[in-house]
Amino acid sequence: MVARAAKVSRAAVSRAFNPEAPLKPEKRARILKIAGELSYTPDRAARALVTRRSHLVGVIVPDVCSPWESQEVDALTTALQAEGFATLLFKTRVDSSMDETLLTYMRGFNPDSVIVFTENVRPHMLSRFLDRAVPIYVTYPIERPKENDGNGRWPGEPDTLFDRIDVDQWEGMEQAVALLAGYGCRRIAYLSGKPVSLGQHARRKTLEALMARRGLPALVVVPGDFSYDRGYAGTLDLFRLEGGADAVFAANDESAFGALDALRCELKLRVPEDVKVIGFDDIAQSHWRSYNLTTVKVDLEARVRALVRLIQRRLKTPDAPAITETVRTRLVVRGTVG
(Lines give C-alpha, C1' and ligand atoms only; values in the text may rest on other atoms or scores of the structure.)
Protein backbone atom coordinates (compact mmCIF):
# COMPACT_ATOMS: atom_id res chain seq x y z
CA MET A 1 0.00 0.00 0.00
CA VAL A 2 2.71 2.49 1.02
CA ALA A 3 5.10 1.19 -1.62
CA ARG A 4 2.48 1.63 -4.33
CA ALA A 5 1.49 5.13 -3.18
CA ALA A 6 5.11 6.26 -2.90
CA LYS A 7 6.10 4.43 -6.12
CA VAL A 8 8.97 2.63 -4.41
CA SER A 9 9.80 -0.97 -3.63
CA ARG A 10 8.68 -2.76 -0.46
CA ALA A 11 12.35 -2.99 0.50
CA ALA A 12 12.60 0.82 0.37
CA VAL A 13 9.62 1.12 2.72
CA SER A 14 11.25 -1.31 5.12
CA ARG A 15 14.51 0.67 5.03
CA ALA A 16 12.63 3.93 5.65
CA PHE A 17 11.47 2.60 9.01
CA ASN A 18 14.96 1.47 9.96
CA PRO A 19 17.09 4.53 10.87
CA GLU A 20 20.28 2.53 10.36
CA ALA A 21 19.39 1.34 6.85
CA PRO A 22 20.89 3.24 3.89
CA LEU A 23 18.33 5.50 2.18
CA LYS A 24 18.44 9.03 0.85
CA PRO A 25 17.02 11.46 3.45
CA GLU A 26 14.51 13.00 1.08
CA LYS A 27 13.27 9.57 -0.02
CA ARG A 28 12.93 8.42 3.59
CA ALA A 29 11.02 11.58 4.51
CA ARG A 30 8.61 11.13 1.57
CA ILE A 31 7.93 7.48 2.43
CA LEU A 32 7.35 8.26 6.10
CA LYS A 33 5.04 11.14 5.20
CA ILE A 34 2.91 8.91 2.96
CA ALA A 35 2.94 6.15 5.58
CA GLY A 36 1.62 8.64 8.13
CA GLU A 37 -1.14 9.78 5.80
CA LEU A 38 -2.16 6.15 5.30
CA SER A 39 -1.91 5.38 9.06
CA TYR A 40 0.60 2.64 8.28
CA THR A 41 2.89 1.17 10.91
CA PRO A 42 5.39 -1.63 10.24
CA ASP A 43 4.81 -5.14 11.60
CA ARG A 44 7.37 -5.33 14.39
CA ALA A 45 7.10 -9.08 14.69
CA ALA A 46 7.93 -9.51 11.01
CA ARG A 47 10.79 -7.03 11.26
CA ALA A 48 12.17 -8.83 14.29
CA LEU A 49 12.50 -12.02 12.26
CA VAL A 50 14.70 -10.18 9.79
CA THR A 51 16.66 -7.82 12.06
CA ARG A 52 16.74 -10.07 15.18
CA ARG A 53 15.78 -6.95 17.14
CA SER A 54 12.63 -7.10 19.25
CA HIS A 55 12.89 -3.57 20.67
CA LEU A 56 11.93 -5.07 24.01
CA VAL A 57 13.86 -4.62 27.26
CA GLY A 58 13.23 -6.95 30.18
CA VAL A 59 13.39 -5.38 33.65
CA ILE A 60 13.63 -7.63 36.73
CA VAL A 61 12.74 -5.96 40.05
CA PRO A 62 12.25 -7.21 43.62
CA ASP A 63 9.56 -4.62 44.34
CA VAL A 64 7.43 -2.21 42.32
CA CYS A 65 5.83 -0.37 45.25
CA SER A 66 8.80 0.96 47.23
CA PRO A 67 9.60 4.63 46.49
CA TRP A 68 13.04 4.11 44.91
CA GLU A 69 12.07 1.18 42.68
CA SER A 70 8.83 2.80 41.51
CA GLN A 71 10.59 6.05 40.67
CA GLU A 72 13.39 4.27 38.82
CA VAL A 73 11.03 2.03 36.83
CA ASP A 74 8.96 5.08 35.86
CA ALA A 75 12.01 7.07 34.73
CA LEU A 76 13.55 4.08 32.93
CA THR A 77 10.33 3.22 31.07
CA THR A 78 9.99 6.82 29.93
CA ALA A 79 13.59 6.93 28.68
CA LEU A 80 13.33 3.57 26.89
CA GLN A 81 10.11 4.54 25.16
CA ALA A 82 11.78 7.71 23.89
CA GLU A 83 14.41 5.46 22.26
CA GLY A 84 11.83 3.16 20.65
CA PHE A 85 11.90 0.35 23.22
CA ALA A 86 9.01 -1.25 25.09
CA THR A 87 9.46 -2.59 28.63
CA LEU A 88 8.71 -6.07 29.95
CA LEU A 89 8.46 -5.98 33.75
CA PHE A 90 9.15 -9.13 35.81
CA LYS A 91 8.86 -9.26 39.60
CA THR A 92 10.84 -11.65 41.78
CA ARG A 93 9.63 -13.68 44.73
CA VAL A 94 9.71 -12.20 48.25
CA ASP A 95 13.25 -13.58 48.75
CA SER A 96 14.32 -11.81 45.49
CA SER A 97 14.77 -15.13 43.64
CA MET A 98 12.90 -15.76 40.39
CA ASP A 99 10.72 -18.58 39.16
CA GLU A 100 12.47 -20.25 36.22
CA THR A 101 9.12 -20.45 34.42
CA LEU A 102 9.13 -16.65 34.21
CA LEU A 103 12.66 -16.73 32.81
CA THR A 104 11.42 -19.14 30.15
CA TYR A 105 8.64 -16.67 29.29
CA MET A 106 11.22 -13.91 29.07
CA ARG A 107 13.30 -15.89 26.62
CA GLY A 108 10.21 -16.34 24.43
CA PHE A 109 10.01 -12.56 23.99
CA ASN A 110 13.63 -12.47 22.72
CA PRO A 111 14.47 -9.18 24.50
CA ASP A 112 17.23 -6.96 23.19
CA SER A 113 18.46 -6.47 26.74
CA VAL A 114 17.61 -7.37 30.34
CA ILE A 115 18.20 -5.04 33.29
CA VAL A 116 18.41 -6.79 36.66
CA PHE A 117 17.75 -4.84 39.87
CA THR A 118 18.19 -7.77 42.25
CA GLU A 119 21.27 -9.74 43.28
CA ASN A 120 19.53 -13.11 43.68
CA VAL A 121 18.97 -13.58 39.94
CA ARG A 122 22.63 -14.11 39.19
CA PRO A 123 24.38 -13.81 35.81
CA HIS A 124 25.28 -17.49 35.42
CA MET A 125 21.65 -18.43 36.04
CA LEU A 126 20.12 -15.77 33.81
CA SER A 127 22.48 -16.44 30.89
CA ARG A 128 20.94 -19.92 30.45
CA PHE A 129 17.63 -18.29 29.54
CA LEU A 130 18.87 -15.60 27.18
CA ASP A 131 19.71 -15.85 23.51
CA ARG A 132 21.80 -12.90 22.39
CA ALA A 133 20.93 -10.42 25.16
CA VAL A 134 23.67 -9.55 27.66
CA PRO A 135 22.13 -8.69 31.04
CA ILE A 136 22.89 -5.43 32.85
CA TYR A 137 23.41 -5.38 36.61
CA VAL A 138 23.73 -2.54 39.10
CA THR A 139 26.69 -3.16 41.43
CA TYR A 140 28.06 -1.37 44.48
CA PRO A 141 31.85 -1.41 44.90
CA ILE A 142 32.95 -1.14 48.53
CA GLU A 143 35.62 1.41 47.61
CA ARG A 144 36.16 3.48 44.51
CA PRO A 145 35.45 1.27 41.44
CA LYS A 146 38.58 -0.16 39.90
CA GLU A 147 38.64 -1.95 36.59
CA ASN A 148 38.13 -5.70 37.02
CA ASP A 149 37.97 -5.52 40.82
CA GLY A 150 35.68 -7.90 42.67
CA ASN A 151 34.24 -5.53 45.28
CA GLY A 152 30.48 -5.41 45.64
CA ARG A 153 29.87 -8.26 43.19
CA TRP A 154 29.60 -12.03 43.36
CA PRO A 155 32.64 -14.23 43.85
CA GLY A 156 33.02 -16.71 41.03
CA GLU A 157 30.88 -14.76 38.55
CA PRO A 158 32.96 -13.85 35.47
CA ASP A 159 32.36 -10.27 34.28
CA THR A 160 32.01 -11.53 30.72
CA LEU A 161 28.50 -12.70 31.57
CA PHE A 162 27.12 -9.21 32.10
CA ASP A 163 27.44 -5.46 31.59
CA ARG A 164 27.11 -3.28 34.65
CA ILE A 165 26.68 0.08 36.33
CA ASP A 166 28.96 0.67 39.30
CA VAL A 167 27.37 3.02 41.84
CA ASP A 168 30.28 4.84 43.47
CA GLN A 169 29.00 5.22 47.03
CA TRP A 170 32.35 6.33 48.40
CA GLU A 171 32.27 10.04 47.53
CA GLY A 172 28.81 10.80 48.89
CA MET A 173 29.32 8.70 52.03
CA GLU A 174 32.72 10.29 52.65
CA GLN A 175 31.03 13.70 52.59
CA ALA A 176 28.38 12.40 55.02
CA VAL A 177 30.92 11.06 57.53
CA ALA A 178 32.97 14.27 57.30
CA LEU A 179 29.85 16.30 58.05
CA LEU A 180 28.91 14.17 61.07
CA ALA A 181 32.48 14.25 62.39
CA GLY A 182 32.54 18.01 61.96
CA TYR A 183 29.54 18.28 64.26
CA GLY A 184 31.27 16.12 66.85
CA CYS A 185 29.33 12.91 66.31
CA ARG A 186 31.19 9.93 67.74
CA ARG A 187 28.61 7.19 68.16
CA ILE A 188 27.11 6.54 64.73
CA ALA A 189 24.49 3.88 64.10
CA TYR A 190 23.88 2.21 60.75
CA LEU A 191 20.23 1.29 60.11
CA SER A 192 20.76 -1.58 57.68
CA GLY A 193 18.76 -2.90 54.75
CA LYS A 194 17.84 -6.48 53.85
CA PRO A 195 20.65 -8.89 54.79
CA VAL A 196 20.69 -10.40 51.28
CA SER A 197 21.31 -7.01 49.64
CA LEU A 198 24.83 -6.59 48.29
CA GLY A 199 24.17 -2.85 48.02
CA GLN A 200 23.46 -2.43 51.71
CA HIS A 201 26.39 -4.72 52.59
CA ALA A 202 28.70 -2.48 50.54
CA ARG A 203 27.16 0.60 52.19
CA ARG A 204 27.93 -0.78 55.66
CA LYS A 205 31.51 -1.76 54.76
CA THR A 206 32.13 1.64 53.18
CA LEU A 207 30.79 3.41 56.26
CA GLU A 208 32.99 1.30 58.54
CA ALA A 209 36.08 2.05 56.43
CA LEU A 210 35.38 5.79 56.38
CA MET A 211 34.82 5.92 60.15
CA ALA A 212 38.00 3.96 60.81
CA ARG A 213 39.99 6.44 58.73
CA ARG A 214 38.77 9.24 61.00
CA GLY A 215 39.46 7.29 64.19
CA LEU A 216 35.78 7.11 65.12
CA PRO A 217 34.45 4.33 67.39
CA ALA A 218 33.07 1.16 65.84
CA LEU A 219 29.79 1.41 63.95
CA VAL A 220 26.61 0.41 65.81
CA VAL A 221 24.59 -1.81 63.46
CA VAL A 222 20.79 -1.81 63.73
CA PRO A 223 19.03 -4.62 61.79
CA GLY A 224 16.59 -3.39 59.16
CA ASP A 225 15.07 -4.25 55.79
CA PHE A 226 14.83 -0.88 53.98
CA SER A 227 11.22 -0.38 55.20
CA TYR A 228 9.70 2.49 57.19
CA ASP A 229 8.34 0.12 59.86
CA ARG A 230 11.66 -1.60 60.53
CA GLY A 231 13.39 1.77 60.54
CA TYR A 232 10.94 3.00 63.18
CA ALA A 233 11.15 -0.12 65.34
CA GLY A 234 14.94 -0.43 65.00
CA THR A 235 15.43 3.16 66.12
CA LEU A 236 13.28 2.59 69.22
CA ASP A 237 15.39 -0.46 70.09
CA LEU A 238 18.60 1.49 69.50
CA PHE A 239 17.68 4.20 72.00
CA ARG A 240 15.78 2.11 74.56
CA LEU A 241 18.04 -0.95 74.64
CA GLU A 242 21.40 -0.08 73.06
CA GLY A 243 22.25 3.31 74.54
CA GLY A 244 21.26 5.47 71.57
CA ALA A 245 23.56 7.28 69.16
CA ASP A 246 24.70 10.74 68.10
CA ALA A 247 23.66 10.03 64.52
CA VAL A 248 21.69 7.48 62.51
CA PHE A 249 22.86 6.66 58.98
CA ALA A 250 20.09 4.74 57.22
CA ALA A 251 20.63 2.37 54.28
CA ASN A 252 17.87 4.15 52.35
CA ASP A 253 15.57 7.15 52.69
CA GLU A 254 12.40 5.20 53.51
CA SER A 255 13.94 3.64 56.63
CA ALA A 256 15.40 7.05 57.50
CA PHE A 257 11.82 8.40 57.55
CA GLY A 258 10.95 5.68 60.06
CA ALA A 259 13.95 6.67 62.19
CA LEU A 260 12.94 10.34 62.09
CA ASP A 261 9.38 9.66 63.19
CA ALA A 262 10.54 7.35 66.00
CA LEU A 263 12.95 9.98 67.28
CA ARG A 264 10.51 12.87 67.12
CA CYS A 265 7.12 11.29 67.83
CA GLU A 266 7.93 8.44 70.22
CA LEU A 267 11.25 9.30 71.86
CA LYS A 268 10.60 13.08 71.91
CA LEU A 269 14.14 13.83 70.72
CA ARG A 270 15.03 16.80 68.53
CA VAL A 271 16.50 16.34 65.07
CA PRO A 272 19.15 17.58 64.40
CA GLU A 273 19.86 19.08 67.84
CA ASP A 274 19.84 15.79 69.80
CA VAL A 275 20.32 13.25 67.00
CA LYS A 276 21.34 13.68 63.38
CA VAL A 277 19.90 11.52 60.58
CA ILE A 278 21.20 10.77 57.08
CA GLY A 279 19.51 8.67 54.42
CA PHE A 280 20.58 7.21 51.10
CA ASP A 281 19.10 7.58 47.55
CA ASP A 282 17.43 11.04 47.62
CA ILE A 283 13.98 9.84 46.59
CA ALA A 284 11.41 12.50 45.66
CA GLN A 285 9.88 12.48 49.15
CA SER A 286 13.19 13.38 50.84
CA HIS A 287 12.74 17.09 50.29
CA TRP A 288 9.20 17.12 51.76
CA ARG A 289 9.19 19.68 54.56
CA SER A 290 8.09 17.19 57.23
CA TYR A 291 11.27 15.17 56.57
CA ASN A 292 13.69 17.60 54.87
CA LEU A 293 16.19 14.75 54.92
CA THR A 294 19.94 15.04 54.51
CA THR A 295 20.84 12.14 52.24
CA VAL A 296 23.45 10.63 49.94
CA LYS A 297 22.07 11.22 46.47
CA VAL A 298 22.16 8.66 43.68
CA ASP A 299 21.41 10.72 40.57
CA LEU A 300 18.41 8.89 39.11
CA GLU A 301 18.55 10.67 35.75
CA ALA A 302 22.26 9.90 35.35
CA ARG A 303 21.68 6.26 36.28
CA VAL A 304 18.85 5.89 33.76
CA ARG A 305 20.88 7.57 31.01
CA ALA A 306 23.76 5.20 31.75
CA LEU A 307 21.45 2.18 31.50
CA VAL A 308 20.14 3.33 28.12
CA ARG A 309 23.71 3.92 26.90
CA LEU A 310 24.72 0.40 27.94
CA ILE A 311 21.83 -1.07 25.95
CA GLN A 312 22.66 0.96 22.86
CA ARG A 313 26.39 0.25 23.03
CA ARG A 314 25.79 -3.49 23.42
CA LEU A 315 23.41 -3.58 20.45
CA LYS A 316 25.97 -1.76 18.29
CA THR A 317 28.86 -3.98 19.44
CA PRO A 318 27.33 -7.34 20.42
CA ASP A 319 30.71 -9.07 20.69
CA ALA A 320 32.38 -6.41 22.84
CA PRO A 321 33.82 -7.41 26.23
CA ALA A 322 31.94 -6.42 29.38
CA ILE A 323 30.87 -2.77 29.32
CA THR A 324 30.86 -0.68 32.50
CA GLU A 325 29.46 2.73 33.40
CA THR A 326 29.97 4.50 36.74
CA VAL A 327 27.39 6.65 38.52
CA ARG A 328 28.68 8.81 41.34
CA THR A 329 27.00 9.96 44.56
CA ARG A 330 27.04 13.22 46.50
CA LEU A 331 25.69 14.45 49.80
CA VAL A 332 22.56 16.64 49.76
CA VAL A 333 22.46 18.60 53.01
CA ARG A 334 19.02 19.46 54.37
CA GLY A 335 17.54 19.92 57.82
CA THR A 336 18.33 16.65 59.60
CA VAL A 337 22.01 17.50 60.09
CA GLY A 338 22.99 20.91 61.38
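**From one buried residue to the whole sheet**

I323 is buried, with a relative accessible area of 5%. The cut-off for buried is under 20% relative accessible area, so I323 qualifies. Keep in mind that this is a predicted model.

Where does I323 sit? Its place is the loop between α12 (300-316) and β11 (324-332). Its contacts come from distant and nearby stretches of sequence alike. Leaving aside residues up to four places away in sequence, I323 touches D163, R164, L310, R313, R314 and T317. I165 belongs in this picture too. I165 and I323 are 158 residues apart in sequence, yet their C-alpha atoms are 8.6 Å apart in space.

Now follow the chain into β11. On one side, β11 pairs with strand β5 (residues 163-168). The two run parallel and are joined by five bridges. Within that pairing, D166 stands opposite T326 of β11. β11 also pairs with strand β10 (residues 294-298), here in the antiparallel sense and over four bridges. There, R330 of β11 is the bridge partner of K297.

These pairings belong to a wider sheet. It is open and has eleven strands, in the order β2-β1-β3-β4-β5-β11-β10-β9-β8-β6-β7, with mixed pairing. Which strands stand at the edges? They are β2 and β7 (220-222). Each has a single partner strand, so one side of each is left without a neighbour in the sheet. On average, neighbouring strands are turned by 20° against each other, direction ignored.

Next, go to β1, which covers residues 56-61. Is this strand enclosed or open to the outside? Six of its six residues are buried, so β1 is largely enclosed by the rest of the structure. Its residues point in two directions. L56, G58 and I60 point one way, V57, V59 and V61 point the other way, and all are buried.

β1 has a partner on each side in the strand order. With strand β2 (residues 86-91) it runs parallel, joined by six bridges. The bridge partner of G58 in β2 is L88. With strand β3 (residues 113-116), β1 is again parallel, this time through four bridges. V59 stands opposite I115 of β3. Beyond that, two bridges join β3 to strand β4 (residues 136-139), also in parallel. V116 stands opposite Y137 in β4.

Helices pack on this sheet as well. Helix α6 (residues 100-109) touches β1, β2 and β3, and its direction makes about 170° with that of β2. Helix α11 (residues 253-266) packs on the sheet too, touching β6 (188-191), β8 (247-250), β9 (276-281) and β10. The direction of α11 makes about 160° with that of β9.

One more helix links two strands already met. β1, helix α5 (residues 67-82) and β2 make a right-handed β-α-β unit. This leads back to α12, the helix before the loop of I323. α5 and α12 pack at an angle of about 50°, with their axes 10 Å apart. They are therefore oblique to each other. Their crossing is right-handed. On the α5 side, the contact is made by W68, Q71, E72, A75, L76, A79 and L80. On the α12 side, it is made by L300, R303, V304, L307, V308 and I311. Another α12 residue, L310, is among the residues that I323 touches.

Note on methods
Residues numbered from 1 in each chain as written. Predicted model: local features only at pLDDT ≥ 70, side-chain atom pairs only at ≥ 80, totals over all residues. Heavy atoms only, no water. Buried < 20%, exposed > 50% of the residue type's maximum accessible area, 1.4 Å probe, protein only. Contact = heavy atoms within 4.5 Å. Pairing = 2+ DSSP bridges. Right-handed = clockwise from strand over helix to strand, strands pointing away. Axes fitted to C-alpha atoms, helices over the stretch in contact; angles between N-to-C directions. Parallel < 35°, antiparallel > 145°, perpendicular 65-115°, else oblique. Left-handed = near helix turned anticlockwise from the far one by under 90°.
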